[in-house]
Amino acid sequence: MSNATPSRNTEDTLVLRRPDDWHVHLRDGSMLELVADLTARQFARAIVMPNLTPPVTTVAAAAAYRERILAALPPGRDFTPLMTAYLTDSIAADEIASGFESGVFTACKLYPANATTNSAHGVTDVRNLHGVLERMQAIGMPLLVHGEVTTPEVDIFDREAVFIERVLAPLLEDFPGLKVVLEHITTRDAVAFVEAGPDRLAATITAHHLRLDRNDLFVGGLRPHAYCLPVVKRRQHKEALRAAAASGNPKFFLGTDTAPHQRQDKESACGCAGIFSAPFAIESYAETFEELGALDRLEAFASEFGPRFYGLPLNEGTITLRREHNPVPDSIQGDGFTLVPFHAGESLSWRLD
Ligand code: DOR
Ligand code: ZN
């Protein structure tokens, strides 16, 4: 694992090939204005989730959303949003394929219906997707999976493991050429499954699942800003994720799942799921990799394994992190709303130049 410019790395300076974020929620409207650049200032490209209201189910909607993202960025920002199609029970294979072939769609996102935020139009049964998945397999279009069953009988902490067994394993067998990313993995079951699977199976790991376990939801009271889906799990699962991220295995790469919600929607009797990690994402990963004695593996995780899986070129530029006291604000003010970032009120030990 070599860094882009190893000679420039010291105890206090880390130069990385510019990273990509393979899973973000940029939202829309005034929220988009605020959050898009927080991602773009660190990452050269990002896979943009389609769970808007209404969801992004057509090529035209994705192209228009991509324009809004680019228009929201400061002039001269070098950032490429990679768009995804939101799969529904009735989406047409032709729509997806034409979007992929014209370069508008990079991948499709599978939300099991009602698994998470704005997933009501998601897929009720993967059997409904047979024709779509066949076409994706034929054209080499990746399937990005929110891997949780929604059956109320299944305990919320088991939903990922049960999904792997009941849905993902059969799906990989039924479509032996389909490229699949199991998104935001949270369990050692997922780590083991991805490790043992074929090369066409990979996983993204968020910054927050590398740092939080389920105890963090309840430290001294209920902590809505630690609530996301899939929900954080036992400490042993977090340890498995940390080991996977730091392992140098190219099947695991960076995807923050940054998911901003207005403060009052988080701090509510029925709080929204999502952790707004964009503002200090790369610093958070650096903190974790340093704790693991694996700073020399951060670059491959953040900047090499993702593009390699997607078949895209590596970025040319670099970013620089400096070892510096980096206090994270308690909140970030938008136009008429407030967001609470991941690590709010803490201090990180690296700062993006
Ligand atoms: O915590 C989450 N927030 N998980 C998801 O799957 C969706 C996301 C959101 O859009 O808020
Ligand atoms: Zn997400």
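Contact here means heavy atoms within 4.5 Å of each other, and axis angles run from 0 to 180 degrees between N-to-C directions. With that in mind, and remembering that this is a predicted model, the tour can start at a small group of strands.

**Stop 1: the sheet.** Select β1, β10 and β13, which form an open sheet of 3 strands in that order, with antiparallel pairing. β1 (13-17) and β13 (347-352) stand at the edges, and each has a single partner strand, so one side of each is left without a neighbour in the sheet. If you look along the sheet, neighbouring strands are turned by 35° against each other on average, with direction ignored.

Next, keep β10 (residues 318-327) and β13 on display and follow the antiparallel pairing between them, which runs over 5 bridges. For one point of reference, label R322, whose bridge partner in β13 is R351.

**Stop 2: the helix across the sheet.** Now add residues 281-291, which make up helix α9; this helix lies across β1, β10 and β13 and runs at about 115° to β13.

**Stop 3: the zinc ion.** Move to ligand 2 and show the side chains around it: the zinc ion is coordinated by H23 through NE2, by H25 through NE2 and by D257 through OD, at 2.0 to 2.1 Å. Along the chain, these donors follow the spacing H-x1-H-x231-D. H23 belongs to strand β2 (residues 21-24), whereas D257 sits in the loop between β9 (252-254) and α8 (263-266), so the pair ties together parts that are 234 residues apart in sequence.

**Stop 4: the cavities.** Rolling a probe the size of a water molecule over the atoms shows where empty space is left. How many cavities of 30 Å³ or more does a search of the whole structure find? The search finds 4.

Which residues lie nearest the centre of the largest cavity? Select H25, T116, L229, D257 and A259, which hold that position among the 18 residues of the lining. The space in this largest cavity comes to about 120 Å³, and its lining divides into 6 nonpolar, 9 polar and 3 charged residues. Two of the residues just selected, H25 and D257, are also donors to the zinc ion.

Finally, turn to the second largest cavity, with a volume of about 50 Å³, and select its lining, made up of H225, A259, P260, H261, K266, G274, I275, F276 and V340. By class, this lining has 5 nonpolar, 3 polar and 1 charged residues. A259 is worth leaving labelled, since A259 appears in the lining of the largest cavity and in that of the second largest.

Terms used: Residues are numbered from 1 along each chain as its sequence is written. Chains are lettered from A and ligands numbered from 1 in the order in which they are written. This is a predicted model: local features need pLDDT of at least 70, side-chain atom pairs count only at pLDDT 80 or more; totals for chains, interfaces and linings use all residues. Side-chain values use heavy atoms; hydrogens and water are left out. Two strands pair if DSSP finds at least two bridges between them. Helices (H or I, at least four residues) and strands (E, at least two) are DSSP runs, numbered from the N terminus. On a 1 Å grid over the protein atoms alone, a cavity is a set of points where a 1.4 Å probe fits but cannot get out, and a pocket is an open set with protein on both sides within 12 Å along at least five of seven lines; lining residues have an atom within 4 Å of a point. Grid points are joined across faces, edges and corners, and a volume is the space filled by probe spheres set on the points. Ala, Val, Leu, Ile, Met, Phe, Trp, Tyr, Cys and Pro count as nonpolar, Asp, Glu, Lys and Arg as charged, and the others, Gly among them, as polar. Donors are N, O and S atoms within 2.8 Å of the metal (3.2 Å for Na, K and Ca); water is not among the atoms, so sites may look incomplete.
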